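Visitor: I'd like to walk through this one with you, question by question. Can we start as soon as it is on the screen?

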2 protein chains.
Amino acid sequence: MDRRSQILTIAGHLFSQRGYHATSMRELARHLNLQGGSLYAHIQSKEELLLEVVRQAAERFQKVLEELPSGDPVTRMKALVKGHLRVIAEELPRATVFFHEWKHLSPPLLEEAKALRRRYEEGVQEVIREGVEKGVFQVENPRLATLFVLSALNWTYQWYRPDGPLSLEELSEQYAKLVLRALGVREGGEDGEA
Amino acid sequence: MDRRSQILTIAGHLFSQRGYHATSMRELARHLNLQGGSLYAHIQSKEELLLEVVRQAAERFQKVLEELPSGDPVTRMKALVKGHLRVIAEELPRATVFFHEWKHLSPPLLEEAKALRRRYEEGVQEVIREGVEKGVFQVENPRLATLFVLSALNWTYQWYRPDGPLSLEELSEQYAKLVLRALGVREGGEDGEA
DNA sequence: CCTACCGATCGGTAGG
DNA sequence: CCTACCGATCGGTAGG
């Protein structure tokens, strides 16, 4: 891992824990055994650092959408829920920055962050819309259903901890069931009762 | 509204928009036509201000729990969803601070904020647990179901805007249906189809 | 990657 | 509630 990647990783940790504005460049430098000013040999500005972390997270989430299995909407939705939760589990700091700290970017860079988030949300919306069109999902308002699902998914970064009581596998299995039920899918997938 | 209440209201707006650390006391003072130092005639510290805003929001959310109708779990859950969304609609800045900015408090005050949030979350959990015990809600893991519902509810402050396409009434009606379905309640409440 | 520094701004206080 | 101020810290740069 080159120096710049190291900086990005530590910046992700600090931004997610303390928040963007509460993290100073000197503090970041200290974690890398550098002097404050030395950071600027590798990066342009604090804000560029924030955007870069957002980009890394966006890439991971986007990959989940791209690697979704083709097939019936239930299978796709399950894979989406599991993939989303896996990214959060594996990339908690970056995911946190993606969900929150992006707001502290200012106009030129802010637009890119918004676009990255919008792109992902539209991907989720597409999966749901497909299911509705095929009559598999039964919801009155697909847009609202999407917001509901995104809300349930996104907020998980607030409470999910890798060392929690539920394994990622169990968690995402059950979470997928809850999502599918909300979307009006009648019980009885591959594996039985509810 | 006395001066202190005004300060708290504007602080809520600024903290929710720019974030706690990105809001300076001078900026807050400017919005109140004061000099920076004059704020300290009414408050003790910036951090006390943050906690106070959290307290105000917590009070509103807690009131929703206290005023829940007694009766069957479905009715109670519906009222909870509607009440929660109404607080977010009516108190968006304070709600935002309650959901996010509280993290920037430090240890003595932080504990109180955590306790306020925990109390509300346990209230929600109780409503769900009741429904499960009475056999009205059908979920494998009540704790996880609670986290799911809280996630769906809490994240709404991120996208709900009072001037959006859906009225609060329509929104919360449909949101309640999605929540109830996720909790395994079969269709057909007071008002028909899905 | 360090040393040394820049101007700006921060939260908060004293004294009136 | 204002004026005037405190020490600390901020993001970033020059020059090596």
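Visitor: Of the atoms of DNA strand C within 4 Å of the protein, what percentage belongs to sugar or phosphate?
Guide: Bear in mind that this is a predicted model, where local features need pLDDT of at least 70, side-chain atom pairs count only at pLDDT 80 or more, and totals for chains, interfaces and linings use all residues. Residues are numbered from 1 along each chain as its sequence is written, chains are lettered from A and ligands numbered from 1 in the order written, and side-chain values use heavy atoms, leaving out hydrogens and water. As for strand C, bases supply the rest of those atoms, and the sugar or phosphate part is 62%.

Visitor: And which residues come closest to DNA strand C?
Guide: A residue is near a strand if one of its heavy atoms lies within 4 Å of it. By that rule 15 residues surround DNA strand C, and they divide into four nonpolar, seven polar and four charged. For those classes, Ala, Val, Leu, Ile, Met, Phe, Trp, Tyr, Cys and Pro are nonpolar, Asp, Glu, Lys and Arg are charged, and the others, Gly among them, are polar. The closest are A:Ser38, B:Met25, B:Arg26, B:Tyr40 and B:Lys46.

Visitor: Which side chain has an N or O atom 2.7 Å from a base nitrogen of DNA strand C?
Guide: Let's set the phosphate oxygens aside: one is 3.0 Å from a polar backbone atom of A:Gln35, and one is 2.8 Å from a polar side-chain atom of B:Lys46. The base nitrogen goes with the side chain of B:Arg26.

Visitor: Over to DNA strand D: which side chain has an N or O atom 2.7 Å from one of its phosphate oxygens?
Guide: Strand D has 15 residues around it, and A:Met25, A:Arg26, A:Tyr40, A:Lys46 and B:Ser38 come nearest. A:Met25 uses a polar backbone atom, 2.8 Å from a phosphate oxygen, while the side chain of B:His42 has an N or O atom 3.2 Å from one. The side chain at 2.7 Å is that of A:Tyr40.

Visitor: What about the protein partners: how much area is buried between chain B and chain A?
Guide: The size of an interface is often given as the accessible area lost when the parts come together. Here that means the loss for a 1.4 Å probe, summed over both parts. With contact taken as heavy atoms within 4.5 Å, 39 residues of chain B touch 39 residues of chain A. Carbon and sulfur atoms give 61% of the buried area, which is about 3,300 Å².

Visitor: Which residue of chain A meets B:Glu140 in a salt bridge?
Guide: The rule asks for a side-chain nitrogen of Lys or Arg within 4 Å of a carboxyl oxygen of Asp or Glu, and it finds two salt bridges across this interface. In the one with B:Glu140, the N to O distance is 3.1 Å, and the partner is A:Lys177.

Visitor: Which helix gives the most to the side of chain B that touches chain A?
Guide: Helices here are DSSP runs (H or I, at least four residues; strands are E, at least two), numbered from the N terminus. Three of them, H7 (142–154), H8 (156–159) and H9 (168–182) of chain B, each supply at least two residues of that side. The one that gives the most, with eight residues, is H9(B).

Visitor: How are the two copies related?
Guide: The superposition is a least-squares fit on the C-alpha atoms of residues with pLDDT of at least 70 in both copies. Chain B lands on chain A with an RMSD of 0.0 Å after a turn of 180 degrees and a shift of 0.0 Å along the axis. The two copies are thus related as by a two-fold rotation axis.

Visitor: Last one: which residue pairs with B:Glu48 in a salt bridge?
Guide: B:Glu48 sits in helix H3 (residues 46–66) of chain B, and its partner sits in helix H1 (residues 3–18), 44 residues apart. Their closest N and O atoms are 3.0 Å apart, and the partner is B:Arg4.

Note on methods: Buried area is the accessible area (1.4 Å probe) that two parts lose on being put together, summed over both. A polar contact is a pair of N or O atoms within 3.5 Å; within protein, one must be able to donate a hydrogen and the other to accept it, and residues adjacent in sequence count only if both atoms are side-chain atoms.
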